[in-house]
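Opened this one today to see how the chain is laid out and where the ligand sits. Jotting things down as I go.

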Amino acid sequence: VSDKYAEPLNGVDRYAVVGNPVEHSKSPLIHHAFALQTGQDIEYSRVLAPLDGFAMTVQSMRETGFKGANVTVPFKLEAFHLANHLSERAHDAGAVNTLLFNTESIVGDNTDGVGLIRDIEQNLGISFEQKKVLLIGAGGAAEGVLHPVLEQHPQLLVIANRSLDKALKMVKKVEDQGEYRFVSVNAYAFDDLKGQQFDIVINATSVGLTDTKLPLPRDIFAEGALAYDMMYGRETPFMDFARRHGAAKVSDGMGMLVEQAAESFFRWRNIRPLTAPVRAQLRA
Ligand code: NDP
């Protein structure tokens, strides 16, 4: 795993995570573990792209023989526009976190949603079916998981966001598509959440990065509820709030991170790595 991308390598397929900042990304560790486990001879590095130079960075990567990339903050939207071909889930999400470079084209995919669903349903063993779900946030991460959550047939999905207009826009998009009439989908401001309880509460905001508290009512968690923070690597104020106010299960987003990486790895290498050993390795 190297931190440089301009060094030619001898026939090894190269991948990287591109972002700004990117130095703290765990993706090289995860993909290296997947490669060892599956016997794939790949190189995976971190690439810091200038804030105004994402397209140029991708161009250089293609010219120096990269086969694909993961895209992280703040370039997921740019990656969406840069791709010449989009998977259905990238199209639905309006954002791209995985790129595949072919000779003539750049294919964009989004594996965040499938990562979240696999972590909650398979790893934590909690089904979305007929549950009341609260999705907090209306940024790229929330958009990326919206359709995959709706596909699990919850009874109700409420999107709550500080800027209500963004949550309303997400609801309108779902309504216009008309695919999910079996689910009640609403947008609320934080104040409107008073008196409501949810079975699954997902924090898809970036407040954990600054240790900011969300203004949530104390009785937001229904009996047996899951509180899931997409942020990973440490206890966030949201996780602490959930533990103190009745959530039966509290999780960070480490599992989602590993699952989305596994799906990217599968897209690139056509082989699905086991995620449990890598989750354990990261926790350790
Ligand atoms: P964005 O910048 O696109 O969105 C940020 C969101 O956070 C917006 O909804 C914003 O609200 C909200 N927000 C920011 N500050 C505050 C605040 N002080 N109070 C209330 N709301 C606030 O970020 P992303 O959607 O890309 O990422 C969100 C989080 O998800 C990050 O922490 C990221 O690390 C994590 N993530 C984890 C993944 C994983 O695999 N575990 C994958 C992808 C993301 P507003 O619209 O009002 O500005």
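These are my notes on the sheets, the ligand site and a few backbone oddities.

**Entry 1: what kind of model**
I reminded myself before starting that this is a predicted model.

**Entry 2: the parallel sheet**
I traced one open sheet of 6 strands and wrote its order down as S9-S8-S7-S10-S11-S12, with parallel pairing. At the edges I found strand S9 (184-188) and strand S12 (249-251), each of which pairs on one side only. I also looked up the twist: on average, neighbouring strands here are turned by 15° against each other, direction ignored.

Next I picked one pair in this sheet. Strand S7 (residues 132-136) and strand S8 (residues 156-160) run parallel and are joined by 5 bridges. Which residue of S8 is the bridge partner of valine 133? I found leucine 157 there.

Then I checked what H6 does. H6 packs on the sheet and touches S7, S8 and S9. I noted an angle of about 170° between the direction of H6 and that of S8.

**Entry 3: the mixed sheet**
There is another open sheet of 6 strands to record, with the order S2-S1-S3-S5-S6-S4 and mixed pairing. Strand S2 (42-48) and strand S4 (85-86) have a single partner strand each, so one side of each is left without a neighbour in the sheet.

I zoomed in on strand S5 (residues 98-101) and strand S6 (residues 106-109), which pair in the antiparallel sense over 4 bridges. Within that pairing, threonine 98 has aspartate 109 of S6 as its bridge partner.

Which strands does helix H2 lie across? I listed S1, S2, S3, S5 and S6 for helix H2 (residues 54-63), which runs at about 40° to S5. H9 also packs on the sheet, touching S1, S2, S3, S5 and S6, and its direction makes about 10° with that of S5.

**Entry 4: the ligand site**
How many residues surround the ligand? I got 23, and the closest are Ala141, Asn161, Ser163, Lys166 and Met230. Sorted by character, the shell comes out as 10 nonpolar, 9 polar and 4 charged residues.

H6 and H9 came up again here: helix H6 (140-150) and helix H9 (254-269) each supply at least two residues of the shell around the ligand.

I then went through some backbone contacts to ligand oxygens. A polar backbone atom of alanine 138 is 3.0 Å from an oxygen atom of the ligand. For glycine 140, a backbone N or O atom lies 3.0 Å from a ligand oxygen. Leucine 257 has a polar backbone atom 3.4 Å from an oxygen atom of the ligand. On its own the ligand has 930 Å² of accessible area, and the protein covers 79% of that.

**Entry 5: backbone oddities**
I scrolled through the loops for unusual backbone geometry. The peptide bond from asparagine 20 to proline 21 is cis, with omega near 5°. I placed proline 21 in the loop between strand S1 (13-19) and helix H1 (27-38).

Valine 73 and proline 74 are also joined by a cis peptide bond, with omega about 0°. Where does proline 74 lie? I found proline 74 in the loop between strand S3 (66-71) and helix H3 (76-82).

My last stop was histidine 153, a residue other than glycine with a positive phi, near 60°. Histidine 153 has its place in the loop between H6 and S8.

How values were computed
Residues numbered from 1 in each chain as written. Predicted model: local features only at pLDDT ≥ 70, side-chain atom pairs only at ≥ 80, totals over all residues. Heavy atoms only, no water. Near = heavy atom within 4 Å. Polar contact = N/O pair within 3.5 Å; in protein donor to acceptor, adjacent residues only side chain to side chain. Areas by Shrake-Rupley, 256 points an atom, 1.4 Å probe, with all protein chains shown as cover. Nonpolar A, V, L, I, M, F, W, Y, C, P; charged D, E, K, R; others polar. Pairing = 2+ DSSP bridges. Axes fitted to C-alpha atoms, helices over the stretch in contact; angles between N-to-C directions. Contact = heavy atoms within 4.5 Å.
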